[in-house]
Amino acid sequence: MDSNKKIYFETNKQTWNQKVKAHAESDMYNLEAFKQGKSSLMPYELEALGNVDGKLLLHLQCHFGQDTLSWSRMGAICTGVDISNEGIKLAKNLNDELQLNTRFVCCNVLETSKYVKDQFDIVFTSYGVIGWLPDLKPWGKMIAERLKVGGMFFMAEFHPIVWMFDNLEEPPKMKYGYMQDEVIYEEYEGTYANEDAKITSKEYGWNHGLSEVVNALTEAGLHIEYLNEYNESPYNVLPNLTETENGMFVLKDKLYPLIFSLKATKRQSFV
């Protein structure tokens, strides 16, 4: 890894370490309700994964583990990985408090195979994940390595069009490329779960078009089962969204999708 990327990842790690406490105290993450049994999972992933009881599940970029632990409550045997040591620390504490049997590993997601040697029935990742990665090819390769033959990869993610906008401006301005290799740096006060949090978010990110996502997975040997796009977001973390009757959030004009989901399978072993 070159020196610039090391700086980018370290800066992002420091920001996420700050975010953990702010998010754990936020209404959005609603940690007390979660401890009382409320699932943090959203309709897209619940419908796609179905019955996970007894399945080995790897959760990539798990933050402080709410989704990982929610899958564990449903009977999955889970491992969560995240770059934030503060996130993993809180995830482990929650696991112990809830008396679950979830494993958490602190590492850069691209280096998962160095630290996690098991293979899984399901690899899962969701909402605001791939934008932290400069190149998706090693990401796709790692996913293929960690899947069993017959295993499934599923992701639900914000649509690439969403990331073309600079949401720090009012109104949001289309500023970044749909496919942009150059790194994007943003610095702002607060965080998406609490704009008033007393932290400074310093973030390096990259935009990845849908073709890059698909090609990273297919080049790693995975078979794409479907790619779906949706107008509705389960999170109210973008400007000018309106809540629907079913508790989702949409743009008033619905000019572009907010979310995409993708399912891929590993049909054979690759050397």
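Which residues line the second largest pocket? Let's take that as our way into this structure, which is a predicted model. The lining is made up of Val162, Phe165, Asn167, Pro171, Pro172, Leu238, Pro239, Asn240, Leu241, Leu251, Tyr256 and Leu258. Sorted by class, these come to 10 nonpolar and 2 polar residues, with no charged ones. The pocket they surround has a volume of about 190 Å³.

Asn240 is a good residue to pause on. You will find Asn240 in the loop between strand 10 (223-230) and strand 11 (241-243). Is Asn240 buried or exposed? Its relative accessible area is 52%, and exposed means over 50%, so Asn240 counts as exposed. Setting aside neighbours within four places in sequence, Asn240 makes contact with Pro172, Val250, Leu251 and Lys252. Two of the pocket-lining residues, Pro172 and Leu251, are thus also contacts of Asn240. For a sense of scale, the C-alpha atoms of Asn240 and Ile184 are separated by 23 Å, and these two residues are 56 apart along the chain.

From the pocket we can move to the interior. The largest nonpolar core has 29 residues, and Leu60, Trp139, Ile143, Phe153 and Val213 touch the most other members. Which elements give two or more residues to this core? They are strand 1 (56-60), strand 4 (120-126), helix 7 (137-146), strand 5 (147-158), helix 8 (210-219) and strand 13 (259-265). Val213 makes a handy vantage point: not counting residues up to four places away in sequence, Val213 touches Ile130, Leu136, Trp139, Met155, Phe260 and Leu262. Apart from this core lies another, of 26 residues, with Phe124, Tyr127, Met152 and Leu241 among them. Leu241 will be familiar from the lining of the second largest pocket.

Next, the aromatic rings. Across the whole structure, a search finds 14 aromatic pairs. One of these is formed by Tyr127 and Tyr235, an edge-to-face pair with 5.2 Å from centre to centre and 75° between the planes. This pair links distant parts of the chain, 108 residues apart: Tyr127 sits in the loop between strand 4 and helix 7, while Tyr235 sits in the loop between strand 10 and strand 11. Both Tyr127 and Tyr235 are buried.

Trp139 and Phe153 form an aromatic pair that is also edge-to-face, at 5.7 Å centre to centre and with 85° between the planes. Why does this pair tie together separate parts of the sequence? Trp139 lies in helix 7 and Phe153 in strand 5, so the parts brought together are 14 residues apart. Buried means under 20% relative accessible area; Trp139 is at 0% and therefore counts as buried, and Phe153, with a relative accessible area of 0%, is buried too. Elsewhere in the list of rings, pairs link Trp16, Tyr29, Phe64, Trp132 and Tyr192 into a cluster.

We can finish with enclosed space. How many cavities of 30 Å³ or more does the structure hold? There is 1, and the largest cavity contains about 50 Å³ of space. Its lining consists of Ile130, Gly131, Phe158, His159, Pro160, Trp163, Trp206, Asn207, His208 and Phe260. By class, that lining has 6 nonpolar and 4 polar residues, and no charged ones. Ile130 and Phe260, both in this lining, are also among the residues that Val213 touches, which brings us back to the largest nonpolar core, where Val213 is a member.

Key
Residues are numbered from 1 along each chain as its sequence is written. This is a predicted model: local features need pLDDT of at least 70, side-chain atom pairs count only at pLDDT 80 or more; totals for chains, interfaces and linings use all residues. Side-chain values use heavy atoms; hydrogens and water are left out. A nonpolar core is a set of buried Ala, Val, Leu, Ile, Met, Phe, Trp, Tyr and Cys residues joined through side-chain atoms within 4.5 Å. Buried means under 20% relative accessible area, exposed over 50%, partly exposed in between (1.4 Å probe, protein chains only). Helices (H or I, at least four residues) and strands (E, at least two) are DSSP runs, numbered from the N terminus. Contact means heavy atoms within 4.5 Å. On a 1 Å grid over the protein atoms alone, a cavity is a set of points where a 1.4 Å probe fits but cannot get out, and a pocket is an open set with protein on both sides within 12 Å along at least five of seven lines; lining residues have an atom within 4 Å of a point. Grid points are joined across faces, edges and corners, and a volume is the space filled by probe spheres set on the points. Ala, Val, Leu, Ile, Met, Phe, Trp, Tyr, Cys and Pro count as nonpolar, Asp, Glu, Lys and Arg as charged, and the others, Gly among them, as polar. Rings of Phe, Tyr and Trp (its six-membered ring) pair if their centres lie within 6.5 Å; planes under 30 degrees apart count as stacked, over 60 as edge-to-face and the rest as tilted.
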